[in-house]
Amino acid sequence: MPELAVIVPTFNEKTNVLPLIEAVDRALAGIEYEIVFVDDDSLDGTSEHVRAVAQTNPRIRILQRINRKGLASAVIEGMMSTSTPYLAVIDGDMQHDERVLPQMLSKLKQQQLDIVVGSRHVEGGGMGEFSQSRVLLSNAGKALSRSISKTPVSDPMSGFFLLDRRFLDEVVRDLSSTGFKILLDLLASARRPVQLGEVGYTFRVRARGESKLNIIVSLEYLHLLLDKWVGAYVPVTYVIFGMVGAFGVLVNLSIILLMLRFGVEFSQAFIWSSSIVIAVNFFLNNAFTFRSRRLQGAGLMVGLVLFYLACLIGLMVNLEIANSLRAQGFPLWLASLTGVTLSSVWNYWITSILVWRAHRRGLRRPAIS
């Protein structure tokens, strides 16, 4: 029976599969292990490639997720799909140094730790050829992480770590499963002091494929922070939905003022600006708020139409409530705020059900040639 499962979340990493398998096999010589690839239905045939390799290599397993995305949730599903007492997480892009895995496992067992982190910020570690901007981004994330995690760790942004299953069983039901930073999620979800160790490694330059680090990753990191800050009281998606809506209000006012300056009547300016802002809000919510359920292709157009209808109903609700409260003598600001808040709740509730839940099942990815 394998002692260690190496969980590898992938998306479009077909060219790295064999090099990673060979590298892990060399590193874990003498250790009983298995590799669990968790693939988010890659377009490049990663799942099919791993499945073919698994036919001749009993150490290899594949978990292909359909209509589900996200590194954190992929890692959790991969860890829960195996029975090994120890679990390692490593990226599929070959940038983590698999050669330190035996040292991480030995440290965890000998010191009876909950988790051992592969760190770029301790002795023996380094950022490699990271650009200065990415170093600054990493340091900023490290600083923000202290607000939600009580466990001191030099590299909370690391995606390379090894943990005891017993620790996973303690925290798994409290995980946010949000974004890319599963390590921070694990540490922040613990209800007791975490017994943590660190092993240094140098981050490598990606040799094949494309980097997944972009603005979306940064936003999903903020999503995780928000979930830990306010997730117990209000859905984080509603908070982001509200932030998008607040941005839309500013855009709306700007467009109206611009049109008024060019001589457009207020009523026409209001109609045009509202129509534009509804579309802007839809695309922002599709990209950020509901990223894990985002619409594509024909579903995107259907979702846009439904979003317009829902928001128009919300606008009428807003006006009706505000007018009713004003008629009862409420101050203008309170009547307006109440109307906006209730219509916001309506828009979030109805669009999350009709737009970003119903239509994701209809999405189809292109066939692999």
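**View 1. The long-numbered stretch of helix α11 and what comes after.** Right after α11 sits glycine 329, with a positive phi near 95°. The helix itself, in this predicted model, runs over residues 297-327. Its 31 residues reach 46 Å from the first C-alpha to the last, close to the 45 Å expected at 1.5 Å a residue. Quite a few of its residues are buried, including Gly303, Phe307, Cys311, Gly314 and Asn318. It helps to know that an α-helix has 3.6 residues a turn, so residues three or four places apart point the same way.

**View 2. A pocket lined by helices.** Here's the second largest pocket, with a volume of about 790 Å³. Of its 29 lining residues, the closest to the centre are Gly245, Val249, Asn252, Leu315 and Asn318. Helices α9, α10, α11 and α12 each supply at least two lining residues. Which helix gives the most to the lining? That's α9, with 11 residues.

**View 3. Strand β7 and its neighbour β5.** Look for residues 196-200: 4 of these 5 are buried, so strand β7 is largely enclosed by the rest of the structure. β7 pairs with β5 (residues 115-119) in the parallel sense, over 5 bridges. To spot one partnership, find valine 117 and its bridge partner in β7, glutamate 198.

**View 4. How confident is the prediction?** The chain averages a pLDDT of 81, and 80% of the residues score at least 70. Among the elements, strand β4 (residues 86-89) has the highest mean, 97, while helix α5 (residues 132-145) has the lowest, 55. Over residues 358-369, pLDDT stays under 50. Where pLDDT is low, don't read the predicted coordinates in detail.

Definitions and conventions. Residues numbered from 1 in each chain as written. Predicted model: local features only at pLDDT ≥ 70, side-chain atom pairs only at ≥ 80, totals over all residues. Heavy atoms only, no water. Buried < 20%, exposed > 50% of the residue type's maximum accessible area, 1.4 Å probe, protein only. Pairing = 2+ DSSP bridges. pLDDT = per-residue confidence, 0-100. Contact = heavy atoms within 4.5 Å. Expected span 1.5 Å × (residues − 1). 1 Å grid on protein atoms, 1.4 Å probe; cavity = no way out; pocket = protein on both sides within 12 Å on 5 of 7 lines; lining within 4 Å. Points joined across faces, edges and corners; volume = space filled by probe spheres on them.
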